[in-house]
Each structure stands twice: as C-alpha cells, then as structure tokens.
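Q: Hi! Could you walk me through this protein, starting simple?

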Amino acid sequence: MLLRLVPDNTHIKFMWLRKFSFPLSIVLVIASLAGFFTVGMNYGIDFKGGTIIEIKTDGPADIGAIRSELSSLNLGDVQVQEFGAPDDILIRVEEQPGGELAQQTVVQNVRTIFEDDNVDFRRVEVVGPRVSGELAQAGAIAVAAALLAIMIYIWFRFEWHFAVGAILTTANDVVVTIGLFVLLQLDFSLSSIAAVLTIIGYSLNDTVVVYDRIRENLRKYKKRPLTDILDQSINETLSRTTMTSVTTLLALIALYVFGGEVIQSFTLAMIFGIVIGTYSSIFLAAPFLILLNLRPDAMSRNDGDGEKEAKEKATA
C-alpha cells in the first residue's frame with residue numbers, strides 16, 4: 001500500500017481508553033437527549049407542512065437570485081432547488097399562521113415576484129399537518145426498522161453479545177447526530193432521515209469489520225485475556241478503518257463546500273456521522289463486549305474450526 005495512515009504493528013491500549021470514551025459518550029448522549037426534549041429540532045417543511053411550488057423559467061434559473069427575492073417576503077423557512085433540468089425550480093415555503101387563506105397569500109406573493117418574468121407555474125401544493133405527521137412517523141419507523149434488522153442480522157452472524165453491542169454503538173451514533181441537529185438548529189427534513197440511515201449503514205459496516213476480526217481472534221487465542229484480544233483486533237483493523245473514513249470524508253467535505261446551500265445540512269450531518277461512527281466503532285463497539293460479559297468459550301464453532309483445533313492438538 002502506497003499510503004498508510006496507521007503504521008503496521010500498532011499497539012494502542014483501546015480498552016484502557018474506555019475509561020474516558022464511555023463517560024464522554026454518556027455525556028454526549030444525555031446532552032443530545034436533553035436538547036431534543038427541551039430545545040427541540042428545527043423541522044423542515046416535510047414535517048411542519050407548507051406550500052410547494054414548481055415553476056419553469058425561461059432559460060437556466062439563477063437560484064441564488066430567486067432565493068434572495070423570496071427571502072424579502074419574510075415567509076420563514078424557504079427552500080429553492082433545481083428540480084431536474086436547470087430551468088425547473090422547486091420552491092418550498094413553510095406553513096404560515098392563518099390557515100388556508102394564509103397559504104393562498106403565499107402563492108400570490110410568489111406569483112407577484114415572477115410577474116415580470118416568463119415563468120410557468122406548473123404545480124402548487126399545500127402539505128398539511130396530517131401529511132407531515134405521516135412523514136415523521138414513516139421516518140421514525142424507517143430508523144427503528146433499520147436498527148431491528150441490524151440486531152437480527154448480527155445475532156445470526158455472530159452471537160447475541162455482538163448484536164446488542166452493535167445496536168448500542170449504532171444508537172449512540174444516531175442520538176449524537178440528532179444532537180448535532182439540535183445544537184446547530186439544522187433543517188431536519190426527509191433528506192436528513194436519509195443521512196441518518198446512511199450513517200447507520202456506515203457505522204454498522206465499520207463495526208462488523210471490527211467484530212469479525214474479534215471473532216477470529218477469540219477462536220484463535222482462547223486463553224488470552226479478553227482485553228488483549230480486543231486491543232489486538234482493533235489495532236489490526238485500524239488502518240482499514242481510518243483509510244475508509246478519510247477517503248469518505250474527503251468526498252463529503254468537497255460536497256459540503258461546492259454542493260450549494262440546499263444540501264449543506266445533509267452533508268454536514270454526514271460528515272459528523274462519519275466521524276462519530278468511526279469513533280464509536282473503535283472506542284465503543286469492542287468495550288461494549290466487556291460490559292456484556294463476553295467469553296471466548298461463548299463463541300459457536302463450526303466443524304471446520306473444530307477440525308482445525310483437533311489437528312493443532314495432534315501436532316502438539
């Protein structure tokens with residue numbers, strides 16, 4: 001390998017560091033939950049409801065200029081983005097107080113802005129509280145279903161200790177990421193749900209890589225202390241973990257800088273999720289196995305493993 005971020009034969013005592021990583025994670029989780037229930041999330045139009053207007057301009061649209069003109073109307077949260085072709089624009093305006101009449105006024109004000117331009121209003125829809133509530137419920141179900149699927153998969157793939165450890169690790173990533181949305185008051189929309197689900201998949205991937213190496217070493221070194229086996233397993237996978245994270249972050253940072261305002265909250269959540277997911281797979285996933293009282297003899301062995309051990313005993 002031409003580029004290696006972690007030297008070979010590292011011997012970092014990660015299990016000793018758990019006396020710091022566990023308290024830090026507990027503080028972050030408690031702070032995130034406290035912020036969620038006190039300050040609350042900055043829900044976007046998808047969850048709060050509002051007006052959706054699709055227009056077609058005469059030639060490529062200047063999204064920045066459109067966004068600036070709409071902001072002068074003081075309509076609150078207004079989102080402007082391309083909707084397919086450069087001349088197809090989707091405008092989302094948060095729900096205005098005053099009922100249906102207020103929403104109609106929003107549409108009239110938007111039409112007034114474009115009255116001197118050759119603009120075709122293709123679609124005007126109002127997303128009410130009922131629809132937004134259904135979207136919020138569907139998003140919560142999607143996250144819960146993902147966590148349940150993770151537990152079932154790892155339970156069958158490994159042992160129950162690993163399944164519970166993976167769920168705790170992933171739940172930590174989700175809660176702390178939500179804490180970022182609360183702290184920075186980032187717009188939380190359906191794309192944010194997609195970001196959370198992506199973070200779950202990334203965190204799970206890292207965790208399974210570490211767990212797979214732990215399982216191999218548990219079968220190989222049955223009489224060594226568990227903490228030594230866990231340290232060795234994390235150090236052996238550390239190069240792969242950091243390289244994957246860094247390359248992913250490079251792409252996300254470029255997307256955050258050059259991708260425009262519309263996807264900034266999405267990419268920022270992804271960047272933070274990758275960082276916290278890498279941290280948890282290194283400093284939390286394995287230490288959770290100690291809390292769950294994992295023992296090497298708890299590992300189930302297939303026939304190949306038993307045959308290998310028998311050959312080793314015969315050779316000895």
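A: Sure, here is a short tour in questions and answers.

Q: What sort of model is it, and how are residues numbered?
A: This is a predicted model, where local features need pLDDT of at least 70, side-chain atom pairs count only at pLDDT 80 or more, and totals for chains, interfaces and linings use all residues. Residues are numbered from 1 along each chain as its sequence is written, and side-chain values use heavy atoms, with hydrogens and water left out.

Q: Cool. How many helices and strands are in the protein chain?
A: The protein chain has 11 helices and 6 strands. Helices (H or I, at least four residues) and strands (E, at least two) are DSSP runs, numbered from the N terminus.

Q: And what percentage of the residues is buried?
A: Buried residues are 44% of the 316 in the protein chain. Buried means under 20% relative accessible area, exposed over 50%, and partly exposed in between, using a 1.4 Å probe and protein chains only.

Q: Now the sheet: in which order do the strands go?
A: The order is S3-S4-S2-S5, an open sheet of 4 strands with antiparallel pairing. Two strands pair if DSSP finds at least two bridges between them. At the edges are S3 (78–83) and S5 (120–127), each pairing on one side only. From one strand to the next, the twist averages 20 degrees.

Q: What about S2, how many bridges join it to S4?
A: S2 (residues 50–56) is joined to S4 (residues 85–94) by 7 bridges. In that pairing, Gly-50 has Glu-94 as its bridge partner, and Ile-52 stands opposite Arg-92. There are also 7 bridges from S2 to S5, where Ile-55 partners Phe-121. S2 is mostly covered, with 6 of its 7 residues buried.

Q: Which helix lies across S3 and S4?
A: That's H3 (residues 63–71), running at about 155 degrees to S3. Axes are lines fitted to C-alpha atoms, for helices over the stretch in contact, and angles run from 0 to 180 degrees between N-to-C directions.

Q: Switching topic: at what angle do H6 and H7 cross?
A: The axes of H6 (residues 160–184) and H7 (residues 190–220) cross at roughly 150 degrees and come within 9 Å. Residues that meet there include Phe-162 and Phe-181 in H6, and Ser-192 and Leu-218 in H7. Contact means heavy atoms within 4.5 Å.

Q: Why is H9 said to be largely enclosed?
A: Because 14 of the 20 residues of H9 are buried, H9 is largely enclosed by the rest of the structure. Its length agrees with expectation too: at 1.5 Å a residue, the 20 residues of H9 (residues 264–283) should span 28 Å, and the end C-alpha atoms are 28 Å apart. The expected span is 1.5 Å times one less than the number of residues.

Q: One last residue: is Ser-25 buried or exposed?
A: Ser-25 counts as buried, at 6% relative accessibility. Ser-25 sits in H1 (residues 14–38).

Q: And what is Ser-25 in contact with?
A: Leaving aside neighbours within four places in sequence, Ser-25 is in contact with Asn-172, Tyr-279 and Leu-284. Ser-25 and Tyr-279 are 254 residues apart along the chain, with their C-alpha atoms separated by 10.0 Å.
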